[in-house]
Amino acid sequence: MRYAIIGFGKIGHALAKAFARNGIEVAVATPRDPESFAADAAAIGPTIIPQTLAEAVKADTLFLAVRFESHPEVAKALPDWRGKTVIDVMNTQAPLEELGGLPS
């Protein structure tokens, strides 16, 4: 079983720390180049592996920890999400009226 955290803000860091405490390898990715957050990943532990978004979405289980407004960009990373377990931990800063009356 391969795991990935898409998004490496506060929620992504908290999830990565939980994986690291248990010695579980997990990829972390953002739309940015992995080198831009590699030092942060290394500071958490050796089981936290920075990857490109294209690499990370190959995992079996994905934690979506991006801002809600970014999810359309992430969705384009795979042409077909069937067979993936996706855990939504997204958050938003958008006013409710911008969400069309729907929760993020």
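Biologist: Starting with Arg82, is that residue buried or exposed?
Modeller: Arg82 is exposed, since its relative accessible area is 71% and the cut-off for exposed is over 50%. Keep in mind that this is a predicted model.

Biologist: What does Arg82 form a salt bridge with?
Modeller: Its partner is Asp80, and the closest N and O atoms of the two are 2.9 Å apart. Asp80 has 36% relative accessibility, so Asp80 counts as partly exposed.

Biologist: How many salt bridges does the count come to?
Modeller: The count comes to two. Besides the bridge between Arg82 and Asp80, there is one in which the side chains of Arg67 and Glu69 meet, at 3.5 Å from N to O.

Biologist: And how accessible are Arg67 and Glu69?
Modeller: Arg67 is partly exposed because its relative accessibility is 46%. Glu69 is also classed as partly exposed, at 37%.

Biologist: Switching to H1. How many residues does H1 have, and how far does it reach?
Modeller: H1 has 12 residues and spans 17 Å from its first C-alpha to its last. At 1.5 Å a residue the expected figure is 16 Å, and the model is close to that.

Biologist: Which residues of H1 are buried?
Modeller: Gly12, Leu15, Ala16 and Phe19. They sit on the same side of H1, because the arc they cover around the axis is only 100°.

Biologist: Why would residues three or four places apart point the same way?
Modeller: An α-helix has 3.6 residues a turn, so that spacing brings residues back to the same direction.

Biologist: What do the buried residues of H1 pack against?
Modeller: They pack against strands S1 (3-6), S2, S3 (48-51) and S4 (61-64), and also against H2.

Biologist: And which residues are exposed on the other side of H1?
Modeller: Lys10 and Arg21 are exposed there. Lys10 counts as exposed because its relative accessibility is 80%. Its C-alpha is separated by 24 Å from that of Lys84, 74 residues apart along the chain.

Biologist: What follows H1?
Modeller: Gly23 follows H1, and its phi is positive, near 70°.

Biologist: Back to Gly12. What does Gly12 touch?
Modeller: Not counting residues up to four places away in sequence, Gly12 touches Ile5, Gly7 and Ala65. Its relative accessibility is 0%, so Gly12 counts as buried. From Gly12 to Thr30 is 9.9 Å, C-alpha to C-alpha, with the two positions 18 residues apart in sequence numbering.

Biologist: Where is Thr30 found, and is it buried or exposed?
Modeller: Thr30 is in the loop between strand S2 (26-29) and helix H2 (38-44). Despite the loop position, Thr30 counts as buried because its relative accessibility is 5%.

Biologist: What is Thr30 in contact with?
Modeller: Gly7, Phe8, Phe37 and Leu53, leaving aside neighbours within four places in sequence. In addition, a polar atom of the Thr30 side chain lies 2.9 Å from the backbone nitrogen of Arg32.

Biologist: There's Thr47 too. Where does Thr47 lie, and what does it touch?
Modeller: Thr47 lies in the loop between H2 and S3. Beyond residues up to four places away in sequence, Thr47 touches Ala20, Gly23, Ile24, Glu25 and Val26. Thr47 is buried because its relative accessible area is 18%, and buried means under 20%.

Biologist: New topic, the nonpolar core. How many residues has the largest one?
Modeller: The largest nonpolar core has 17 residues, and Ala4, Ile6, Ala56, Val57 and Val74 are those with the most contacts inside it. At least two residues of this core come from each of S1, S2, helix H3 (53-56) and S4. Apart from it lies another core, of 13 residues, including Leu15, Phe19, Val28 and Phe63.

Biologist: What does Ala56 touch?
Modeller: Ala56 touches Ala4, Ile6, Ala27, Ala29, Gln51 and Leu62, again not counting residues up to four places away in sequence.

Biologist: Last one, Glu97. Where is its place?
Modeller: Glu97 is in the segment after strand S5 (85-88). Glu97 is exposed, because its relative accessible area is 66%. The C-alpha atoms of Glu97 and Pro31 are separated by 27 Å, and these residues are 66 residues apart along the chain.

How values were computed. Residues are numbered from 1 along each chain as its sequence is written. Side-chain values use heavy atoms; hydrogens and water are left out. Buried means under 20% relative accessible area, exposed over 50%, partly exposed in between (1.4 Å probe, protein chains only). Helices (H or I, at least four residues) and strands (E, at least two) are DSSP runs, numbered from the N terminus. A polar contact is a pair of N or O atoms within 3.5 Å; within protein, one must be able to donate a hydrogen and the other to accept it, and residues adjacent in sequence count only if both atoms are side-chain atoms. Contact means heavy atoms within 4.5 Å. The expected span of a helix is 1.5 Å times one less than its number of residues. The arc is that of the directions from the helix axis to the C-beta atoms. A salt bridge is a side-chain nitrogen of Lys or Arg within 4 Å of a carboxyl oxygen of Asp or Glu. A nonpolar core is a set of buried Ala, Val, Leu, Ile, Met, Phe, Trp, Tyr and Cys residues joined through side-chain atoms within 4.5 Å.
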